[in-house]
Each structure stands twice: as structure tokens, then as C-alpha cells.
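Biologist: I'd like to learn how to read a helical model piece by piece. Could you walk me through this one?

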Amino acid sequence: MILRSENTGMTDTRRLITLGLFVAVAGVLHAVEAWLPLPVPVPGAKLGLANIVTLAVIVLFGWRDALAVAAVRVVLGTLLSGAFLGPSFALGMSGAVASTLAMAYAWRRWQPALSLVGISVVGAVVHNLAQIGVASVIVNNVALLWYLPYLVLFALPTGMATGFTAAYFLAKFPRAGG
């Protein structure tokens with residue numbers, strides 16, 4: 001008896017292999033992003049490249065698998081960088097979980113009225129909200145909230161770029177299960 005995933009028609013083995021590949025791609029994007037110097041005056045601002053994968057997994061497999069991929073990416077990324085269970089882990093995990101849940105909700109409730117690009121912007125903004133909230137708790141200072149408008153402004157173009165890239169990828173991704 002061959003078990004097939006309800007969402008994709010893939011066998012369970014093929015689905016796990018595909019999700020494993022998505023984790024690997026997200027991990028590589030996470031590492032590449034850490035190496036890229038951004039010429040912006042907003043410390044801590046990032047492009048959110050790994051969210052391309054998270055958004056694709058939401059569309060292809062659903063929110064549970066996307067949450068698992070995002071969490072594994074953060075765990076592996078912080079393990080490999082030596083920051084596991086430190087402040088970077090807390091910031092990364094809070095942003096990944098919050099943005100994945102926000103994008104999944106937006107995908108389920110607001111799509112097609114809100115495009116993949118809009119859903120990605122929602123994820124980018126929520127990611128920043130979560131990280132600023134956790135950072136404020138870590139340093140025990142709500143003064144970090146003044147930084148939020150700058151991060152939200154930066155989240156708009158990066159979220160759009162991530163959304164356009166995810167939409168392009170999904171248009172090219174083979175949907176046939178087997």
C-alpha cells in the first residue's frame with residue numbers, strides 16, 4: 001500500500017524528501033544572507049531569503065509543514081553558527097514562527113484577494129514585529145520599539161521581492177505527484 005499526501009498527491013516518501021530539500025535550500029539561503037553585507041543604515045535588517053522557501057511550502061504543503069521547515073532551518077542555522085539557544089536563536093525562531101503563521105493565515109483567509117507578494121509583505125512585517133518584541137524582552141527595554149518603523153519600511157521592499165521570487169518559483173515548480 002502506497003500512502004499519498006492529501007495536499008500534493010505525492011507519496012509520503014517523496015513528500016519527506018521534497019521537504020528535506022526545502023530545508024536544505026532554506027538553510028543555504030539563510031547562510032548566504034548572513035554573509036551578504038547590506039548597504040542600509042538599519043542594523044539587523046535582512047532580505048528574508050529563506051522566507052521564499054517558507055512561502056512556497058505553505059502553498060505546496062500547508063502551514064504545518066512550513067512551520068516545521070522554518071523551525072528546522074532556524075535550529076540548523078543557529079547550530080552551525082554556534083548561536084543555538086542564544087539570543088540569535090530566540091530572535092530567529094520568534095520571527096520564523098510568527099511570520100510563517102501570519103503568512104499561512106493570510107494565504108488561507110485573504111488569498112486570492114491578497115497576492116503572494118502581499119502575503120509575503122505581511123510575513124516580513126510580522127517577522128520584524130516578533131523580533132523587536134523578543135529583543136525588547138531580552139534586553140528588558142521597550143525603547144527598542146522606536147526602531148520598528150524603520151524595520152517595517154525595510155520589510156516592504158524585501159517582502160515584495162521575496163513574494164515575487166516565491167511566485168516565480170511556484171510557477172516553475174512541477175506539481176505532478178508520483
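**Reading the helices**

Modeller: Sure, let's start with a contact: Arg 15, Leu 19, Phe 22, Val 23, Ala 26, Gly 27 and His 30 of H1 meet Asp 65, Val 69, Val 72, Arg 73, Leu 76 and Gly 77 of H3. By character, the residues of this H1 and H3 contact split into seven nonpolar, three polar and three charged. Keep in mind that this is a predicted model.

Biologist: How do I describe the way two such helices sit together?

Modeller: In general, a packed pair is described by the angle between the two axes and the distance between them. Here, helix H1 (residues 12–35) and helix H3 (residues 63–81) pack at about 45 degrees, and their axes are 9 Å apart. That angle makes H1 oblique to H3. As for handedness, H1 passes H3 in a right-handed crossing.

Biologist: And what about the spacing of contact residues along a helix?

Modeller: The general idea is that an α-helix has 3.6 residues a turn, so residues three or four places apart point the same way. On the H1 side of this contact, look at Arg 15, Leu 19, Phe 22, Ala 26 and His 30, which are among the residues meeting H3.

Biologist: Which way does Leu 21 go, buried or exposed?

Modeller: Leu 21 also lies in helix H1. Its relative accessibility is 54%, so Leu 21 counts as exposed. You can also set sequence distance against distance in space: Leu 21 and Val 69 are 48 residues apart in sequence, with their C-alpha atoms 9.8 Å apart.

Biologist: Let's zoom out. How many helices and strands does the protein chain have?

Modeller: Six helices and zero strands. Along the sequence, the chain reads α-α-α-α-α-α. Of its 178 residues, 43% count as buried. Take the contacts between residues at least 6 apart in sequence: 66% of them join residues at least 24 apart.

Biologist: How do I check the length of a helix?

Modeller: Compare its end-to-end reach with what a rise of 1.5 Å a residue would give. Helix H2 (residues 50–61) has twelve residues and spans 16 Å from first C-alpha to last, close to the expected 16 Å. H5 has 24 residues and reaches 34 Å, close to the 34 Å expected.

Biologist: How many of the residues of H2 are buried?

Modeller: Twelve of twelve, so to speak a mostly covered helix. The run of buried residues includes Ala 50, Asn 51, Thr 54, Leu 55, Ile 58 and Phe 61. What covers them includes H1, H3, H4, helix H5 (116–139) and helix H6 (148–172).

Biologist: Can we look at single buried positions? Which residues does Thr 100 touch?

Modeller: Thr 100 sits in helix H4 (residues 87–110). With a relative accessibility of 1%, it counts as buried. Leaving out residues up to four places away in sequence, Thr 100 touches Thr 54, Ile 58, Trp 63, Ala 66, Leu 67 and Ala 70.

Biologist: And which residues is Ser 120 in contact with?

Modeller: Ser 120 lies in helix H5 and is buried, with a relative accessible area of 4%. Beyond its neighbours within four places in sequence, Ser 120 is in contact with Leu 55, Met 103, Gly 159, Thr 162 and Gly 163.

Biologist: Now the backbone between helices. Where should I look for a positive phi?

Modeller: Check the ends of helices and the loops, and note whether the residue is a glycine. H2 is followed by Gly 62, whose phi is positive, near 110 degrees. Leu 85 is not a glycine, yet has a positive phi of about 65 degrees. Leu 85 lies in the loop between H3 and H4, and is exposed at a relative accessible area of 62%.

Biologist: What phi does Asn 140 take just after H5?

Modeller: A positive one, about 55 degrees, in a residue other than glycine. Asn 140 is placed in the loop between H5 and H6, and at 69% relative accessibility Asn 140 counts as exposed.

Biologist: One more backbone feature: is the peptide bond from Gln 111 to Pro 112 cis or trans?

Modeller: Read omega for that. The bond from Gln 111 to Pro 112 is cis, with omega near 15 degrees. Pro 112 lies in the loop between H4 and H5.

How values were computed: Residues numbered from 1 in each chain as written. Predicted model: local features only at pLDDT ≥ 70, side-chain atom pairs only at ≥ 80, totals over all residues. Heavy atoms only, no water. Axes fitted to C-alpha atoms, helices over the stretch in contact; angles between N-to-C directions. Helix = DSSP H or I, 4+ residues; strand = E, 2+ residues; numbered from the N terminus. Parallel < 35°, antiparallel > 145°, perpendicular 65-115°, else oblique. Left-handed = near helix turned anticlockwise from the far one by under 90°. Contact = heavy atoms within 4.5 Å. Nonpolar A, V, L, I, M, F, W, Y, C, P; charged D, E, K, R; others polar. Buried < 20%, exposed > 50% of the residue type's maximum accessible area, 1.4 Å probe, protein only. Expected span 1.5 Å × (residues − 1).
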